[in-house]
Amino acid sequence: MDITPLGDLDDLVVGGGVVGLSAAWRLARAGRRVAVADPAPASGASHAAAGMLAPVSEVGYTEEPLLRLGAASLERWPAFAAELADDAGLGSANALDYRADGTLDVAFGADDLAALDELAAFMDKLGLPVERLTGRECRRLEPMLAPSVRGGLHAPDDAWVDPRRVTAALLAALRHLEVPILTSRASLLPSGLPSGLPSGTAVRPASSGAVRLADGREVGAGRIVLAAGAWSGELAGVPVRPVKGQIMRLRSPQPLLGRCVRGMVHGLPVYLVPRGDGELVVGATQEELGFDTRVTAGGVYELLRDARELVPGVTELEVADVVAGLRPGTPDNLPLIGPDATSGVTLATGHHRGGVLLAPLTAAILLGEEPELGALCSPRRFTNRDER
Ligand code: FAD
């Protein structure tokens, strides 16, 4: 086999979105020899993402495991952001637009208010900090909210970050650590059994895998980590599908909001995320249309129509950018992290609506640091239900 001389790689990460780049950075920092393959790093869902780090507001009642993963990853974010900013030579986490000023979920009608009450009770039961607010209290926090807002739920610990800045910083940190980025599409080659890396070690595992790059070169490594987002399903035959999201960035001379604001309008969720530079992100549609990344008039219309219900002032702002990204969805909304018996690779994919939030935890699981949470994400749940 013509193996490209990259040295003796411990991990080859296929896919350079926020999940793959974070994994590569943490693995390299832990002393492992790592390379990344991606024809266009940081161009996938991570380029579209709003960057909310909001496990409380993102979760439904049936999704307690996802909430546990999100809460654990949110705890990791402050140190992750500070170390990343340092390794990328940026000074502080402010350069990533990391902010921990909370999320406000607002309600308009009686049904929405009842849903917020139930959500508040559920969070209380789990010991998570949330406050139930009246409409007036919501407007005291966020004066630009519509007068029709009748109540809200404040999750003070939620945070957010600019994912485009995060992936740029990850690429810079990887350059400083001399991690090769192979700008090429990869396809998986048949390999031995999954490596099953022991907890927290940097030992080269016994079994190995390999990929073929678009130019025909083959690259081997102790472990192939598949982090190709929505494309992972096609590459490894795992249950990951693309879920389209259209999202818009508006430009404001001064910030309209002090925190993330979310709500249900016309039965659809809409959110607004303020950035430090005055940008206001409005998201996002959720569409099952396969690998379609067209921005449509209907998508833009819905986003603006619903955002205006929450904060009427948004229609005055300049449109800076509208894109569509593909979330990597799984049948149970939980990510797939760990060895996959069928393809022989280690999966780090299927993060659906929470890949930015879950990136630090995913890297920790790949390092064997979180065995209990890692078990919740095991790909075995789809290949061997008895072991779940
Ligand atoms: P991606 O970022 O899609 O990266 C996959 C990479 O794999 C790409 O760079 C691609 O080029 C590469 N690739 C594909 N095929 C190959 C191949 N054959 N060989 C090599 N490389 C390959 N999450 C949050 O936590 N908070 C949010 O607020 C949030 N908002 C979102 C808003 C929208 C509109 C969307 C679409 C998503 C949002 N998400 C959010 C979800 C989040 O964006 C994803 O979960 C996350 O980006 C997934 O990261 P990833 O690295 O797995 O995939």
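Domain bounds here come from an automatic or database domain assignment. In this predicted model, that assignment gives the protein chain domain 1 (11-48 + 165-240 + 332-387) and domain 2 (103-156 + 241-329). The shell around the ligand draws at least three residues from each of these two domains. Taken over C-alpha atoms, the centres of domain 1 and domain 2 are separated by 31 Å, and the contact takes 15 residues from domain 1 and 15 residues from domain 2.

A good place to begin the tour is the ligand. It is surrounded by 40 residues, and the closest are Asp 38, Ser 46, Met 52, His 352 and Arg 353. By class, the shell around the ligand holds 22 nonpolar, 14 polar and 4 charged residues. Polar backbone atoms also take part: one of Ala 40 lies 3.5 Å from an oxygen atom of the ligand, while one of Ala 50 is 3.2 Å from a nitrogen atom of the ligand. For Gly 354, a backbone N or O atom is found 3.5 Å from an oxygen atom of the ligand. Of the 1,000 Å² that the ligand exposes when taken alone, the protein buries 97%. Two or more residues of the shell come from each of helix H1 (18-29), helix H2 (45-48), strand S13 (241-251), strand S17 (318-329) and helix H10 (355-366).

Another residue worth a look is Gly 70, which sits in helix H4 (residues 64-87). Gly 70 counts as buried because its relative accessible area is 0%, and buried means under 20%. Leaving aside residues up to four places away in sequence, Gly 70 touches Pro 55, Leu 357 and Leu 358. Gly 70 and Leu 357 are 287 residues apart in sequence, yet their C-alpha atoms are 6.6 Å apart in space.

Finally, the backbone offers a few details to look for. Most residues other than glycine have a negative phi, and most peptide bonds are trans. Ala 42 is not a glycine, but its phi is positive, at about 65°. This residue lies in the loop between strand S2 (34-37) and H2, and Ala 42 is buried, with a relative accessible area of 16%. Asn 333, also not a glycine, has a positive phi of about 70°. Asn 333 belongs to the loop between S17 and strand S18 (336-339) and is partly exposed, with a relative accessible area of 22%. The peptide bond from Gly 283 to Ala 284 is cis, with omega near -20°. Ala 284 is located in the loop between strand S16 (279-283) and helix H9 (297-310).

Methods. Residues numbered from 1 in each chain as written. Predicted model: local features only at pLDDT ≥ 70, side-chain atom pairs only at ≥ 80, totals over all residues. Heavy atoms only, no water. Near = heavy atom within 4 Å. Polar contact = N/O pair within 3.5 Å; in protein donor to acceptor, adjacent residues only side chain to side chain. Areas by Shrake-Rupley, 256 points an atom, 1.4 Å probe, with all protein chains shown as cover. Helix = DSSP H or I, 4+ residues; strand = E, 2+ residues; numbered from the N terminus. Nonpolar A, V, L, I, M, F, W, Y, C, P; charged D, E, K, R; others polar. Buried < 20%, exposed > 50% of the residue type's maximum accessible area, 1.4 Å probe, protein only. Contact = heavy atoms within 4.5 Å.
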